[in-house]
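Dear colleague,

Please find the structure below, together with a written account of what was found in it. I would be grateful if you could read the two side by side.

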Amino acid sequence: MTRKLVTVLGATGSIGVNTLDVLARHADAYTVFALTGHSRMQALYEQCLAHHPRYAVVADAAQAQALQARLQDAGLTTRVRHGEAALAEVAADERVDVVMAAIVGAAGLVPTLAAAQAGKRVLLANKEALVMSGALFMDAVRVSGAELLPIDSEHNAIFQCLPADYQRGMAATGVRRILLTASGGPFREMPLEQLSRVTPEQACAHPNWSMGQKISIDSASLMNKGLELIEACWLFAARPEQVEVVVHPQSVIHSLVDYVDGSVLAQLGNPDMRTPIAHALAWPQRIDSGVSALDLLATGRLEFEAPDLQRFPCLRLARHAAEAGGTACAMLNAANEVAVAAFLQRRIGFTDIPVIIEQVMNCLPSAQVIDLEHIMHADQQARQSAFDWLAARA
Ligand code: NDP
Ligand code: MG
């Protein structure tokens with residue numbers, strides 16, 4: 001069997017590490033082509049020692065020189081490159097079969113799009129890329145014949161529950177609704193008046209998942225579910241009103257699909273990202289992921305409730321952006337990235353996050369998306385508007 005060549009964008013992050021764990025279990029089937037990192041250079045060095053990639057990509061020339069010297073000393077032939085163009089090149093390289101898109105935020109858009117344009121099997125964790133570029137991204141997938149497989153656990157679950165011809169549309173395939181589950185995050189039951197005082201550490205302590213900082217904050221504010229609502233609309237050709245968010249605190253059901261005959265299909269499993277990673281890597285086959293079998297008796301209860309939009313305005317804002325279309329989702333994402341970074345730096349409170357986003361969305365009208373430049377312009381405008389809000393408050 002010829003081994004598939006895999007590029008892992010964002011290898012040093014939470015999804016990247018889980019991806020390498022799954023790949024290492026199947027060294028007979030997959031070879032690592034390229035690994036990329038941004039700030040965690042020691043982690044990237046150790047990953048190179050373990051996986052012997054042909055390329056490693058880092059942010060700048062100084063990092064590249066230092067890492068190259070260390071790898072040479074260790075006897076490795078890995079070539080270290082740097083910068084955004086190099087990220088896109090290792091994603092689109094003709095030798096590559098599979099690209100794990102696991103850079104966080106807007107920084108992942110260009111390399112993820114490059115992988116889609118080059119017709120790769122794209123394992124999409126970087127939801128922000130799809131939220132920003134929606135139609136453009138899906139067009140690139142169609143034109144190139146890329147295989148787009150969702151890594152987000154909810155979307156991977158929905159993909160598994162949808163019929164094989166789901167791309168014909170929900171009505172044509174008898175799908176009534178998509179039920180997107182949300183854990184509700186760490187603040188689901190906290191008294192409302194305490195929310196403004198929560199710390200980044202509290203927000204990052206997710207009850208069920210261990211993830212990178214940005215998605216942890218998004219999960220606490222429910223912006224993650226808002227981004228996922230937009231992501232689901234693009235991936236599964238759904239309208240926003242066809243996607244319903246259901247809070248399910250145990251995170252055992254990863255999402256559900258409701259059919260017109262009353263059947264509801266769900267995908268269940270332990271909350272461990274290696275399950276969707278292994279699923280998307282091997283699809284339509286199944287491979288071992290290292291995740292233990294679900295123990296339903298130990299789980300005991302599965303609970304459901306409606307999301308509280310007063311407590312979590314970010315979900316409402318994301319739904320509005322999904323309905324507005326055009327550049328609205330790129331602006332929502334950009335304003336959120338600025339707000340989350342400011343919260344992590346303790347410059348604003350947790351409840352300021354939706355305030356900034358709403359302010360930005362109210363100031364900037366949504367425009368039609370023609371090309372990538374339009375999206376980047378909307379992203380920059382929204383970032384500037386959010387920075388202005390922060391400066392005015394300082
Ligand atoms: P992490 O913060 O753990 O990792 C992010 C990765 O992106 C790291 O490799 C980081 O490098 C790299 N990176 C950060 N900034 C840049 C940049 N400007 N240019 C290039 N690379 C950069 O995040 P996660 O792994 O948790 O999440 C990654 C993506 O997957 C996100 O879009 C998230 O929404 C999505 N996702 C994550 C899930 C999870 O369980 N973690 C679940 C579902 C989706 P370095 O660390 O070296 O700085
Ligand atoms: Mg998710």
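**A buried asparagine and its surroundings**

N156 counts as buried, since its relative accessibility is 2% and the cut-off for that class is under 20%. Please note that this is a predicted model, and that the values below are computed from it.

N156 belongs to helix α7, which covers residues 153-161. Setting aside neighbours within four places in sequence, N156 is in contact with P150, I151, P276, H279 and A280. One of these partners, H279, deserves a description of its own. The side chains of H279 and N156 form a polar contact at 3.0 Å. H279 sits in helix α11, residues 274-282, so this side-chain pair links α11 with α7. Is H279 buried or exposed? With a relative accessible area of 5%, H279 is buried, because the limit for that class is under 20%. Beyond its neighbours within four places in sequence, H279 is in contact with N156, F159, Q160 and R286.

**Nonpolar cores**

The largest nonpolar core contains 85 residues. Within this core, M100, F137, I151 and F236 have the most contacts. I151 also appears among the contacts of N156. For F236, the contacts outside its neighbours within four places in sequence are P150, H155, I158, F159, L162, Y166, M170 and I178. Of these, P150 is likewise in contact with N156, and F159 is likewise in contact with H279. Another core, of 40 residues, lies apart from the largest one, and includes I217, A335, A339 and V360.

**Ligand 1**

Which residues come nearest to ligand 1? Among the 23 residues around the ligand, they are T12, H38, S39, R40 and E128. The shell consists of 10 nonpolar, nine polar and four charged residues.

Backbone atoms of three residues lie close enough to oxygen atoms of the ligand to be listed with their distances:

- G10: a backbone N or O atom is 3.2 Å from an oxygen atom of ligand 1.
- G13: a polar backbone atom is 3.1 Å from an oxygen atom of ligand 1.
- I15: a backbone N or O atom is 2.9 Å from an oxygen atom of ligand 1.

On its own, ligand 1 has 890 Å² of accessible area, and the protein covers 89% of this. Two helices, α1 (14-25) and α6 (127-144), are the elements that give two or more residues to the shell.

**Backbone geometry**

Most residues other than glycine have a negative phi, and most peptide bonds are trans. Three places in the model may therefore merit your attention against that background.

S251, which is not a glycine, has a positive phi of about 50 degrees. S251 lies in the loop between β9 (243-247) and β10 (253-259), and is buried at a relative accessible area of 6%.

R346 is also a residue other than glycine with a positive phi, in this case near 60 degrees. The loop that holds R346 runs between α14 (328-344) and α15 (352-363). R346 counts as exposed, because its relative accessibility is 53% and the class begins at values over 50%.

The peptide bond from W283 to P284 is cis, with omega near 5 degrees. P284 is placed in the loop between α11 and α12 (296-299).

With kind regards

Key:
Residues numbered from 1 in each chain as written. Chains lettered and ligands numbered in written order. Predicted model: local features only at pLDDT ≥ 70, side-chain atom pairs only at ≥ 80, totals over all residues. Heavy atoms only, no water. Near = heavy atom within 4 Å. Polar contact = N/O pair within 3.5 Å; in protein donor to acceptor, adjacent residues only side chain to side chain. Areas by Shrake-Rupley, 256 points an atom, 1.4 Å probe, with all protein chains shown as cover. Helix = DSSP H or I, 4+ residues; strand = E, 2+ residues; numbered from the N terminus. Nonpolar A, V, L, I, M, F, W, Y, C, P; charged D, E, K, R; others polar. Core = buried A, V, L, I, M, F, W, Y, C linked by side-chain atoms within 4.5 Å. Buried < 20%, exposed > 50% of the residue type's maximum accessible area, 1.4 Å probe, protein only. Contact = heavy atoms within 4.5 Å.
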